[in-house]
Amino acid sequence: MKKKILVSYIKSPSKWGEMLFQQSKALFEHFVPEQENKSGNAQYEFEVTDVVDEMIKTGKFSSLSDCQMCSFSACLYSDTVIFDGSIEDGIFDQYQFAYDLMKHLDHVLIISRTELPYNFEGQRKGGAPSWIKIGGDLNELDSVTDPEQANAHILEWLGYTLERLELPRSNKPKEAPSITNCLEIITQMMEESDKHMEALEGPSLFISYLSKDYKILKDHFQEIEEHTGVLKESFHYFAPGKVATEFMTEQRRWEIVSITDREIHKCTSILIFQTDGYYCSWWTMGELISISYRFHECWDKCPTVYIAKAHRNSKGIYEFTWKALNTPEQKQEFFPGISEGQKRRLARRFANSDPNEAAYELDEKTTRQSGWPFVVKAPVSVIKGTAIYLAQKNNLFGKMLGNDTLAENISHAWESANSYTHTKAFRTKRIVECKYCRENASHLTVDNFIQMDMPYVYHVDDEELSERKDGTLQLVQKCPIHGNIRLKKNGQYYRFIQPRYGKKMKAGKTLIEFIDRIEFCDI
């Protein structure tokens, strides 16, 4: 009797989603796992479960909690889970099953014909459009608009990925998790997934560069391979043009800094690709400061850093001077130093923006609390600071907490209560940079970066935008030198809002938030 390889498939409700589901089933029927290839015997067969249909048949599809529990069980006990996250015609019923744990498990394959919610990407890249580029992506879905063609790309990627999965999966729990060991089992699965991905990719390189110089970067891929020893298939970098043209809120900017920070952490080495203007960009400064923030107390754990500094030769062709930072002292000297106060401000920005950590469903509550009067904020800060101090003193959370004094803890709690990251302005005011003034800007400091305190940066309310006859938007004059700025709406992007287990969505709220993407016309 053949052993079962269990596949849980959560399909998109569109006709293209159904088509991909049927095509995937056919793929499984002909796929031979690696173990079977080695033995030459037909030992396994795939058992594919249509999770959505099963829940509809049992009458549980309308219950968000039941769908989440079904998804959680699939992550635990299936050999692989496939989630089609395509959002087509504004329909996203399958996100009833979306569960935060899915993003952290390498046997969960998140695929999509359309752009995914930016806070719901899987560990294995290539089966959906992605902001982070990996030089050796098998398929490029970003430029594919035909759903049938996109399905063909996804099927090819699924076949490629199945060959690299452990099938059947060896780390499935042997018994149902209990209240006491559930967190331990989940943590173990996530840690093993991280190890699998590291072993699968091997040496990898994160490239920090200016998107305007993407062509220069690409022209020097071979040189980068020679100096770093990393193949271009394992180059990680932010897609060019993805952020340079978007008119963002400050929280949105920090979301992207958080995404790149996580990508940097995955890589075994880092390249600083220094072309003209590198130190004047808020985005590249964000990458440098992210590295300082992550390693400022443990530079010995920072991966090898390569610096490629550009200059033009007598023929006007770019050449690069290379340098490697191998010792902790070299790295500490190169990257921006950050003070304790700056570290706390950075921590609050990451905590309120990181797509993997920010509790978006609590944004409104947090904003309301930021408006509390002094007579409420002060005693709350004292209570919180005292509670943390006692937890430190009694070592309740091990090494997670430091050893600050009672006064310091109360002071930090007060800082947090008054943090700009808790205000409505942080979430709603958009940032505009005058690109002409920026060209003559000086290098950014850490405080400039954190506070968005640059003379060419302006904070804008949506009310300051006016619609023109040609359908574009016009921003009232902000820069006293260069005047008005024209903008346009260019589609939407999505954010996944996961309510806490057992909680219902608030009235007027949905699992997927549709946000207008507003871009600059003249950049």
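Two strands count as paired if DSSP finds at least two bridges between them. Keep that in mind as you work through these exercises on a predicted model.

**Exercise 1.** Find out in which sense strands E8 and E9 pair, and over how many bridges.

*Solution.* Start with the residue ranges: E8 covers residues 269-274 and E9 covers residues 304-312. The two strands are joined by six bridges, in the parallel sense. To see one of these pairings, pick Ile-272, whose bridge partner in E9 is Ile-307.

**Exercise 2.** Work out which strands stand at the edges of the open sheet.

*Solution.* First write down the order of the six strands, E5-E7-E6-E8-E9-E10, with mixed pairing. Next look at E5 (132-134) and E10 (318-325): each has a single partner strand, so one side of each has no neighbour in the sheet. Finally, neighbouring strands here are turned by 25° against each other on average, direction ignored.

**Exercise 3.** Check whether the span of helix H9 agrees or disagrees with its number of residues.

*Solution.* Begin with the expected value: at 1.5 Å a residue, the 17 residues of H9 should span 24 Å. Then compare the end C-alpha atoms, which lie 25 Å apart, in agreement with that span. Now place the helix: H9 (residues 250-266) lies across E5, E6, E7 and E8, and runs at about 175° to E7. As for cover, 14 of the 17 residues of H9 are buried.

**Exercise 4.** Decide whether Asn-352 is buried or exposed.

*Solution.* Locate Asn-352 in the loop between helices H12 and H13. Buried means under 20% relative accessible area. Asn-352 has 14% relative accessibility, so this residue counts as buried. In space, its C-alpha is 6.7 Å from that of Thr-421, although the two residues are 69 apart in sequence.

How values were computed
Residues numbered from 1 in each chain as written. Predicted model: local features only at pLDDT ≥ 70, side-chain atom pairs only at ≥ 80, totals over all residues. Heavy atoms only, no water. Helix = DSSP H or I, 4+ residues; strand = E, 2+ residues; numbered from the N terminus. Axes fitted to C-alpha atoms, helices over the stretch in contact; angles between N-to-C directions. Contact = heavy atoms within 4.5 Å. Buried < 20%, exposed > 50% of the residue type's maximum accessible area, 1.4 Å probe, protein only. Expected span 1.5 Å × (residues − 1).
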